[in-house]
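Student: I would like a close look at one part of this structure, the metal site. Please also explain how the surroundings of that site are put together.

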Amino acid sequence: MSSKLPIEASRREPSNRLPVGSSLRGWLDHLQKTGRLALASPDVELRFGVAGIANRLDGTSASIFPQPSGHPVPVVSGLLSQRSWMAEATGVPQSELIGTFERACQNPLPWTEVSEAPCQQIVHRQVNLTEQLPIPVHNEYDHGAYITAGLLIARRPDTGVQNVSIHRLQVSGPDRLGALLLPRHTLSFFQEQERLGADLDIAIVIGVDPLTLMASQAIVPIDQDELEVSGALRGSPLPVVKCITNDIRVPAEAEFVLEGRLLAQVREPEGPFGEFPQYYGQRAERHVVQLDALTHRKSPIYHTIVGGGLEHLLLGGIPREASFLSHLRRSFPCLKDLHLSQGGTCRYHLFLQLDKPKAGEAKNLILAAFGAHYDIKHVIAVDTDVDVHDPGQVEWAVATRFQADRDLILVGGAQGSKLDPSSIDGLSAKMGLDATVPIEAPEMKFTRIRVPGQEELDLDRLVTPAPQDWIRRTTEPEEGPR
Ligand code: MN
């Protein structure tokens, strides 16, 4: 299958050099060399200390914490807290990130299995989470320590196809985790097993390379292993290794692997936990993971994602943008670009950019967008003279091209995000704003003002900072006409 996206130029040339984001330690080295890795003083506290510093540096630099609360394993956070960093990790310009990601989803590359792997250098048959891992407490009312950057890998027992997803994991005991499984692929694998009365084998992988981290968030069909998207992004098959206590294949270069089972017929209290919308997900009876083994590298590094931070928002946002763009373009070729805004938690607010839509087409596209994912709550459609990646410009289009009695779409009682506190347990209204120029409008009416040639001006040549004697120089020039 080949992609329909027109961004052919971004097709990476075959090369022996992997993108810098294909290795966690390589990426951290790259951040260090470019002044984007902050080293915390030793002994920052795991409770609030790590998250506080990571939040303060969010979007500016990643941070590494040696001996947090005296624990021998360092914690790292903020690996991918800007769109441009994700593009850099992937080895493409930012304008090609979405297209590259979507092509990787459509052209997955199967992994390659190895028998010896760094992630299994050390093996613990007895798991004691808080002793073995430096697991931080992030937000004020979090129930306690949470594993937040753990890739949960499950495998369908009948087909052997794997699924990868990130779930918040509450430390409930030395070898026990509470998990939030939203209604997607992992849950469906589990429900099939639970109906048979069996547990579902899983692995939880902590400390993976940035490309695998991004790939874990790909919105691909249930029979597609997200690790193959990682392979496609790196342009080379991802090395994996079989777990020691089950058949799950995990990235060989990972820092930590927890092996275990999602328990059938068991639910225990989990939460509250500070989530991406900047609110707490509530405490409720949820799924439980029993751990059987822990393996890790020698001198490992532990990765944590602070709930509600940019890394959390963008990791969910970028892969979604890629899949929405390709999905909606199949029916609407006029769709040029789209954006999940940061203010909309990179989930709830979708901006669509349309190139000369036909009469009424913007409204059809808005309705289709509601169906692309239940998280999408408010959709704004604009024309190509508006930059969809700039919320200020989108607001300008709403201010000057939108009339609520004519251009508003409202649907009540639809499926929304359970993490949106204004919803009623996930029951939510959908609102669409058509801020495109009406088709019948006279051309001059909506023509944006513009100074011809403005963008091409060479300011370095044309202006300098004004000197102290600016008034004499400008009002009494020594030479020239008087
Ligand atoms: Mn999946």
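Tutor: The answer starts at the metal and then moves outward through the chain.

The model is predicted. In it, a manganese ion is coordinated by three residues: N163 through OD1, H185 through ND1 and E226 through OE. The distances run from 2.1 to 2.3 Å. Along the chain, these donors follow the spacing N-x21-H-x40-E. H185 belongs to helix 6, residues 185–195, and E226 belongs to helix 8, residues 226–234, so the pair ties together parts that are 41 residues apart in sequence. H185 and E226 are both buried.

Helix 6 deserves a closer look. Its buried residues are H185, T186, L187, F189, F190, Q193 and E194. A general point about helices helps in reading such a list: an α-helix has 3.6 residues a turn, so residues three or four places apart point the same way. The buried residues of helix 6 pack against helix 8 and against several strands. Those strands are strand 7 (150–155), strand 8 (162–166), strand 11 (200–206), strand 14 (256–270) and strand 17 (284–296). Helix 8, which carries the donor E226, is thus also one of the packing partners of helix 6. After helix 6 comes G197, with a positive phi near 80 degrees.

Strand 14 also takes part in a salt bridge. E270 pairs with R168, and their closest N and O atoms are 2.8 Å apart. E270 sits in strand 14, while R168 sits in the loop between strand 8 and strand 9 (169–173). The two residues are 102 residues apart, and the pair links distant parts of the chain. Are these two partners buried or exposed? E270 has a relative accessible area of 0%, so E270 is buried. R168 has 6% relative accessibility and therefore counts as buried too.

This pair is one of 26 salt bridges in the count. Another one joins K242 and D247, with the closest N and O atoms 3.6 Å apart. Here K242 is partly exposed, because its relative accessibility is 32%. D247 is partly exposed as well, with a relative accessible area of 40%. D469 and R473 form a further salt bridge, at 3.4 Å from N to O, and D469 is partly exposed at 26% relative accessible area. Salt bridges can also join up: R25, E253, E255 and R297 are linked in a network of them.

Next comes the wider layout. The domain assignment gives domain 1 as 2–305 and domain 2 as 331–439. The C-alpha centres of the two domains lie 31 Å apart. Ten residues from domain 1 and nine residues from domain 2 make up the contact. How much area is buried between domain 1 and domain 2? The figure is about 870 Å², and carbon and sulfur atoms give 73% of it. On the side of domain 1, R83, F276 and P277 lose the most area to domain 2, together 56% of what that side buries. Between the two domains there are zero salt bridges. One residue pair is in polar contact, with both residues at pLDDT 80 or more.

R83 leads to another element, helix 3, residues 83–90. Six of the eight residues in helix 3 are buried, so the helix is mostly covered. The buried ones are R83, W85, M86, A87, A89 and T90. Just after helix 3, G91 takes a positive phi of about 80 degrees.

F276 leads to H312. H312 lies in helix 9, residues 310–329. Its relative accessibility is 18%, so H312 counts as buried. The cut-off matters here: buried means under 20% relative accessible area. The side chain of H312 reaches the backbone nitrogen of G308 at 3.0 Å. Leaving aside neighbours within four places in sequence, H312 is in contact with E275, F276, I305, V306, G307 and R347.

In short, the manganese ion is held by N163, H185 and E226, and the buried side of helix 6 packs against helix 8 and the strands named above. Further out, domain 1 and domain 2 bury about 870 Å² between them, with zero salt bridges across that boundary.

How values were computed:
Residues numbered from 1 in each chain as written. Predicted model: local features only at pLDDT ≥ 70, side-chain atom pairs only at ≥ 80, totals over all residues. Heavy atoms only, no water. Donors = N, O, S within 2.8 Å, 3.2 Å for Na, K, Ca; no water. Helix = DSSP H or I, 4+ residues; strand = E, 2+ residues; numbered from the N terminus. Buried < 20%, exposed > 50% of the residue type's maximum accessible area, 1.4 Å probe, protein only. Domains from an automatic or database assignment. Contact = heavy atoms within 4.5 Å. Buried area = accessible area lost by both parts, 1.4 Å probe. Salt bridge = Lys/Arg side-chain N within 4 Å of Asp/Glu carboxyl O. Polar contact = N/O pair within 3.5 Å; in protein donor to acceptor, adjacent residues only side chain to side chain.
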